[in-house]
Amino acid sequence: MQWLNVIVQGVLIGGLYAMFAAGLSLIFGVMRLVNIAHGDLIVLAAYVSLIITQALGMDPLTSLVLVVPIMALIGYALQRGLLNYTLGDDLLPPLLVTFGLSIIIQNGLLELFTADSRKLQAGAIEIQTFKLAQDLWIGALPLIQFAVAVAVIAGLQVLFYRTALGRALRATSDDQPVAQLMGLDTRHVFAVAMALSLAVIAVAGVFLAVRANFDPAIGPARLIFAFEAVIIGGLGSMWGTLAGGIILGVSQAIGAQIDPGWQLLAGHIVFLVILAVRPQGLFPKVSG
Amino acid sequence: MIVEHATRSSRIGVGLIAIAVIVLASAPYWGDRQTLRLLAEMFTFIALASLWNLLAGYAGLVSVGQQAFVGLGGYVLFALAILFDVNPILAIVVAGPIGGLVAIPVALLIFRLRGAYFAIGTWVVAEVFRLLASQLSVLGGGSGISLPASMVLAMAPSRQIREFEMYWLALFLTLATLAAIFVLLRSRHGLALTAIRDNELAAQSTGIGVWSIKFAVYVLTAFGTAIIGAFIFLQKLRISPDTAFSVNDWTAFVIFIAVIGGIGRIEGPIIGTIVFFALRQTFAGLGSLYLLMMGAVAIVVMLWAPKGLWGMIVERLGWQILPLQRHLLLRKKDVRGKS
């Protein structure tokens with residue numbers, strides 16, 4: 001029963017990782033950009049929520065109503081004002097510019113908020129639990145978080161395959177010059193993709209901040225979790241990314257159960273093993 | 001036809017380098033302790049940035065995980081010195097081959113990732129090394145370990161002589177790294193690497209074995225980076241997983257140096273290191289604001305001067321310090337149609 005409990009907790013945290021990963025995989029899919037500052041933007045969202053909850057006395061989950069549009073705007077502006085100029089055949093500019101951005105966000109947050117650990121207080125909901133079976137309890141918050149993650153993934157799936165915007169995103173992803181010839185403004189499409197990615201990040205960042213302590217330095221580790229979930233799940237597949245997040249969450253939970261020092265290591269090792277035996281990921285859709 | 005490397009500026013450049021090496025080698029006679037430490041630190045950053053430059057600038061393998069091999073080198077040194085009582089200087093030499101050997105399976109694994117995902121893959125590897133190092137309880141686990149004083153004292157008869165030794169060792173290791181990179185780039189393989197730098201697809205279509213050259217460069221770079229890493233931690237006399245595998249110290253700064261100086265040029269990291277240390281000596285008191293500024297400078301340079309300071313100088317003035325370019329000299333009989 002103890003192990004079942006560990007696995008269930010791992011699955012639930014996997015939903016959070018899937019949200020980290022969905023944003024990363026979305027912009028990679030549309031513009032082949034890997035955003036090194038992804039994890040730091042997640043942390044930025046957590047701080048934006050911290051400011052809002054403190055200034056307006058809002059509940060963290062309610063603050064999403066503001067955090068999501070703010071982050072989406074930041075994403076749109078970031079892409080239009082900076083990242084669009086880095087895109088091209090050369091791999092180095094986007095990589096190094098987002099790397100510089102990561103350093104700027106980390107140190108900017110450090111300057112504004114110091115290195116102190118923060119946490120968002122969600123009130124009574126944090127300690128509510130459901131009894132699933134004998135000795136198996138589930139927290140209300142992890143459950144909400146997982147449900148939101150599934151909803152976000154499903155929403156992205158619908159957006160991609162059922163809407164005009166999704167068609168524009170897919171067309172740009174498939175062939176940028178042709179999409180442009182068909183009258184799409186790819187600079188705008190890229191910016192919308194980044195806005196979407198940061199909207200997803202905003203949700204993930206708030207849940208991260210309610211769940212555990214955060215400080216300006218934890219971004220890079222979130223980037224790595226997101227990346228591992230994407231590669232485990234297989235590039236280009238949203239449901240694969242959810243599966244990748246869950247596999248990562250469960251491996252970390254099992255690792256932590258064996259020895260607390262092995263929590264992160266177990267996740268990395270599962271990632272490396274999958275890279276060795278099945279480099280295209282478990283549920284791949286596109287290559288490279 | 002003859003291929004010539006040297007130009008007038010490179011002949012002057014080589015002369016200047018010879019003078020600079022003599023001046024730097026005699027630094028213990030004119031510099032104080034502070035100057036020596038600063039110069040030695042600069043040398044190690046020139047070496048690290050040159051190795052990263054070879055990897056990213058020439059082979060197109062953008063790594064944000066070279067701290068894996070800096071830390072590995074450091075830990076090899078401490079493991080050999082503390083557990084097996086090996087002379088630290090000898091341990092530096094051993095760290096190289098170990099770094100290269102470890103790089104082989106690592107490369108086989110992460111070469112499956114393309115482009116930017118390769119970059120994050122290298123980071124995961126560095127994280128794995130860091131986490132494994134914190135499990136090594138014989139080397140202090142997560143909190144790290146110092147080199148025993150007896151070992152440090154055994155290195156040289158006095159503190160001053162030890163500091164001189166360390167300085168000369170830093171200078172030697174950096175010159176050796178630069179010389180190795182220079183020889184590699186002047187060779188047949190260097191021509192192939194330059195071709196890969198300029199256009200990978202075209203390079204492949206002319207019959208260059210792109211994968212094997214990249215693989216070899218990755219392993220060689222790990223070899224060099226581990227040696228420099230071992231030296232860095234011999235100078236620090238203390239190691240911990242967080243300092244050994246620090247992405248800020250061994251990757252962010254190194255990338256900054258290469259970007260500012262000029263990626264894909266052997267002179268770039270030297271110029272970049274001088275600029276980096278000048279900025280650091282002036283603004284380091286600002287703390288995190290200074291780092292923020294550094295990130296912004298790197299972005300601005302990447303967008304408006306992607307070839308860095310040295311790239312701008314080369315484009316405007318056509319200088320080269322080291323004779324690396326290849327110029328075809330047509331002799332009269334070539335022009336007549338014989339070769």
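Is Thr114(A) buried or exposed? In this predicted model, in which local features are reported only at a pLDDT of at least 70 and side-chain atom pairs only at pLDDT 80 or more, while totals for chains, interfaces and linings use all residues, Thr114(A) is exposed, with 12 other C-beta atoms within 10 Å. Residues are numbered from 1 along each chain as its sequence is written, and chains are lettered from A and ligands numbered from 1 in the order in which they are written. The burial classes rest on C-beta atoms placed from the backbone: a residue is buried if 20 or more others lie within 10 Å of its own, exposed if 12 or fewer, and partly exposed in between.

The predictor assigns the complex an ipTM of 0.86 and a pTM of 0.89. For chain B, the mean pLDDT (the predictor's confidence in each residue, from 0 to 100) is 88, and 95% of the residues score at least 70. Within chain B, helix α4 (residues 67-84) has the highest confidence, at 95, whereas helix α17 (residues 332-335) has the lowest, at a mean of 55.

Chain A comprises 11 helices and 2 strands, where helices (H or I, at least four residues) and strands (E, at least two) are DSSP runs numbered from the N terminus. Along the sequence, these elements of chain A follow the order α-α-α-α-β-β-α-α-α-α-α-α-α. The radius of gyration of chain A is 19 Å, close to the 19 Å that the globule rule gives for 288 residues, so chain A is as compact as a globular protein of that length. This radius is taken over C-alpha atoms, and the rule is 2.2 Å times the number of residues to the power 0.38. Along the principal axes, the C-alpha atoms of chain A fill a box of roughly 60 × 50 × 35 Å, and 53% of its 288 residues are buried. Of the contacts in chain A between residues at least 6 apart in sequence, 75% join residues at least 24 apart, a contact being a pair of residues whose C-beta atoms, placed from the backbone, lie within 7 Å.

Chain B contains 17 helices and 4 strands. Its radius of gyration of 21 Å is close to the 20 Å given by the globule rule for 339 residues, so chain B is as compact as a globular protein of that length. The C-alpha atoms of chain B fill a box of roughly 75 × 50 × 40 Å along the principal axes, and buried residues account for 42% of the 339 residues.

The contact between the chains takes 32 residues from chain A and 34 residues from chain B. On the side of chain A that touches chain B, helices α4 (92-113), α9 (219-233) and α11 (263-277) each supply at least two residues. The largest share of that side, 14 residues, comes from α4(A). By class, the side of chain A has 24 nonpolar, 6 polar and 2 charged residues; here Ala, Val, Leu, Ile, Met, Phe, Trp, Tyr, Cys and Pro count as nonpolar, Asp, Glu, Lys and Arg as charged, and the others, Gly among them, as polar.

The largest nonpolar core has 201 residues, and those touching the most other members include Phe20(A), Ala45(A), Leu77(B) and Ala230(B). Such a core is a set of buried Ala, Val, Leu, Ile, Met, Phe, Trp, Tyr and Cys residues joined through C-beta atoms within 7 Å. Beyond its neighbours within four places in sequence, Ala45(A) is in contact with Val67(A), Met71(A), Ile201(A), Ala202(A), Gly205(A) and Val206(A).

In helix α2 (residues 38-56) of chain A, the end C-alpha atoms are 27 Å apart, in agreement with the 27 Å expected for 19 residues at 1.5 Å a residue; the expected span is 1.5 Å times one less than the number of residues. Of the 19 residues of α2(A), 15 are buried, so the helix is largely enclosed by the rest of the structure. Gly57(A), just after α2(A), takes a positive phi of about 65°.

Most residues other than glycine have a negative phi. Arg32(A), in the loop between α1 (2-31) and α2 of chain A, nevertheless has a positive phi of about 55°, and is partly exposed, with 16 C-beta neighbours inside 10 Å. Thr114(A), in the loop between α4 and β1 (129-133) of chain A, likewise has a positive phi, near 60°.

In chain B, Ile239(B) lies in strand β3 (residues 238-239) and is buried, with 25 other C-beta atoms within 10 Å. The C-alpha atoms of Ile239(B) and Gly144(B) are separated by 5.4 Å, although the two are 95 residues apart along the chain.

Technical notes: Contact = placed C-beta atoms within 7 Å.
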